[in-house]
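Hi everyone, thanks for coming. I'll take a few minutes to walk you through a structure that may be new to you, so have a look at it first.

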Amino acid sequence: MTEPTTPLPAQLETAIRTAVEARKESLFELTAELVRQQTLTGQEEGAQRIIDARLRAAGFAVERVQPDAEAALADPYAGYPALSYEGRSSVVGRSPGSGGGRSLHLNGHVDVVPVERPEEWAHDPWGAEIADGRLWGRGSGDMKAGLAACIVAAEVVAEVCPDRAGELIVSSVIEEETGGNGMWSVLRAGHVGDATVFGEPSDLCLDHGGTGVVWAKLTAHSSSGHAETAKRSGAFEELAAAVAALRRLEKERNSPPRDPAFAAVSDWPFGTSIGKIEGGVWTASTPERLAAHARIGFGRETEPAEVQQEVVEAVAAATDQVTVEFTAFRARAYCHDSTGPWPDAVAAAHRTVVGTEPQTTIATATADARYITGPSLCYGPITGNLHGRDEWVDLASLEQVAGVIALAAAAWTS
Ligand SMILES: [Zn+2]
């Protein structure tokens, strides 16, 4: 894996770029088709069927991988399963090389986060409208476009480089947005490449790191009854005291951030957000339960279990009326090498296709890349409004991503 990648012969490079260009409409159509599938957690199968069929048509041997919920719970870095895995699986396609070469795993996640207020979108969140050089919709940027680019790149390399030495592995996983057990289980099933690329939105940068992430659900308990019994303070204030305790931990972690890799990209890389609140049914009733769902970021100096312990202790010190549960993520912070044969191959392909010197970056969020121990990068298109209103992907950059990944994949596996 330490051998530098030999540049592709000019003729082969041209053949690959021509093949990607010929599939441009197919790339955009696949992205649109995937966006139209409302692949919220638990509803991934419509998109997975499309990808399964597409990989089979390109000659890949396709299998499904279902996470083992008990094994995931037992692994301190896997996710807490979001739902039952009945009828839900990741798709893995493999196309072997002639042998003796380096393999490459190309990955994307098919799950998307919910839409909060669809009526306030200018573009139908599930319509995959194309306007102003962009494709709009939930999951367009994060990350159905990048997933489609990985699939098209793999199709091109399988077709144009049938004699390559290394194997191509393509996976479309579930639950990246809620714990990461899709990719975790795919790797555990043995689908491990000598290098990995994730088509996650990176604005054409080589993204090689991400923060740790833990999710915590804080629940304030009280006894329900008529508001005539209400006193000066109630469940809401208890919950607010617990949230304030999380904010104090957040401030400690960011003042200043101890992990230099993350301090270099942000003065507040380890954010805590309260993304969802729930509880109560009537204004003149005191609630039985009020809950706040928190996402907590942290650096490489801290283990997920340590963060969980800090949260339990800080909340207990602030109030005895709030319980803490942990859901979804037990993600470690990670930072892969930004140089070496694989990043260098992607950088060279970027120079060829985009014509500029690529930037490297790391993210203040997590990705399934944290599970990879060898060379790994996220490399994806220019996008906007991820997880927000009117999410989009820039189509010109999407075509470039397919070209860059195809060239890097061909060079890596040659
Ligand atoms: Zn993503």
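**The metal site and a nearby helix residue**

Okay, let's start with the zinc ion: its site is irregular, with angles of 51 to 151° among the four donor atoms. Before I go on, please keep in mind that this is a predicted model.

So which protein atoms are the donors of the zinc ion? They are NE2 of H109, an OD atom of D142, and E200, which is listed twice with OE. These donors lie 1.9 to 2.8 Å from the zinc ion. If you'd like to find the donor residues in the sequence, look for the spacing H-x32-D-x57-E.

Now, what about the parts of the chain that carry them? H109 belongs to strand 3, residues 104–109, while D142 is in helix 5, residues 140–160, so the pair ties together parts that are 33 residues apart in sequence.

Are these two buried or exposed? H109 has a relative accessible area of 1%, so it counts as buried. D142 is buried as well, at 9%.

Let's stay on helix 5 for a moment, because G146 has its place there too. G146 is buried, and its relative accessible area is 0%.

And what does G146 touch, once we leave out residues up to four places away in sequence? The answer is G199, P381 and L398. Take P381: along the chain, G146 and P381 are 235 residues apart, yet their C-alpha atoms are separated by 6.6 Å.

That's my tour; happy to go back to any of it.

Technical notes: Residues numbered from 1 in each chain as written. Predicted model: local features only at pLDDT ≥ 70, side-chain atom pairs only at ≥ 80, totals over all residues. Heavy atoms only, no water. Donors = N, O, S within 2.8 Å, 3.2 Å for Na, K, Ca; no water. Tetrahedral: all angles 85-135°; square planar, octahedral: opposite > 155°, others 65-115°. Helix = DSSP H or I, 4+ residues; strand = E, 2+ residues; numbered from the N terminus. Buried < 20%, exposed > 50% of the residue type's maximum accessible area, 1.4 Å probe, protein only. Contact = heavy atoms within 4.5 Å.
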